[in-house]
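Please open the model in your viewer and keep the sequence panel beside it. We will move from the whole chain to smaller selections, one stop at a time.

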Amino acid sequence: MPVEPFGRLDDDIELRKRLLPLCRLRYGEVWEDMRCGHKVGVLDATKLSEVAAFFEDQKVSLAIQDPPYNVVVGNENTSSLFKCSLENYVMFSRKWVECVLSVLADDASLYLWLGADQKEHFQPLPDFCF
Ligand SMILES: C[S@@+](CC[C@H](N)C(=O)[O-])C[C@H]1O[C@@H](n2cnc3c(N)ncnc32)[C@H](O)[C@@H]1O
């Protein structure tokens, strides 16, 4: 039985081709709920300019982040879910953390999901924290 029986959008070209026409938002687009004010954006979380444009001058009181864990998932290594050197992962993390910090209110809460590979000294968790 395959590791991921339903396929993954980041490595299954056929599945991607069939699903993309059904997606309402493309990269760079933002949808705003005019009634309640919710916003959904397809952005690069490491780009300060994109994050700043999305949030305008608003600060948030809660941020929940689920970045790539820097572990190989389902034997695949793609540009969306990747395994790179620890140094590059820390650089990548610095960029998106900087973006998150730029929009947090003073008393905000931040929740993170991170990887910790027991075969690699529980990295990248320790270097991320450091
Ligand atoms: C661990 S997964 C999180 C999955 C998500 N919680 C879900 O349930 O679908 C990490 C996600 O980060 C996305 N990602 C990777 N680099 C990104 C970036 N620079 N900006 C925004 N998202 C990114 C990947 O495409 C992937 O969907």
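**The whole chain**

Begin by selecting the whole protein chain, where buried residues make up 5% of the 130 residues; a residue counts as buried if 20 or more other C-beta atoms, placed from the backbone, lie within 10 Å of its own. This is a predicted model, in which local features need pLDDT of at least 70 and side-chain atom pairs count only at pLDDT 80 or more, while totals for chains, interfaces and linings use all residues. Residues are numbered from 1 along each chain as its sequence is written.

Now colour by secondary structure, which shows 4 helices and 6 strands, in the order α-β-β-α-β-α-β-β-β-α along the sequence; here helices (H or I, at least four residues) and strands (E, at least two) are DSSP runs numbered from the N terminus.

**Strand E3 and its partner**

Next, select residues 60-65, strand E3, where the count of buried residues among the 6 residues is 0. Add residues 104-112, strand E4, which pairs with E3 in the parallel sense over 5 bridges, pairing being called when DSSP finds at least two bridges between two strands. Within this pair, look for Gln65, which stands opposite Leu112 in E4.

**Around the ligand**

Which residues surround the ligand? Select Asp44, Ala45, Thr46, Asp66, Pro67, Pro68, Tyr69, Ser80 and Leu81, which surround the ligand, each having its C-beta atom, placed from the backbone, within 6 Å of the molecule. If you colour this shell by residue class, it divides into 5 nonpolar, 2 polar and 2 charged residues.

Terms used. Buried ≥ 20, exposed ≤ 12 C-beta atoms within 10 Å, placed from the backbone. Nonpolar A, V, L, I, M, F, W, Y, C, P; charged D, E, K, R; others polar.
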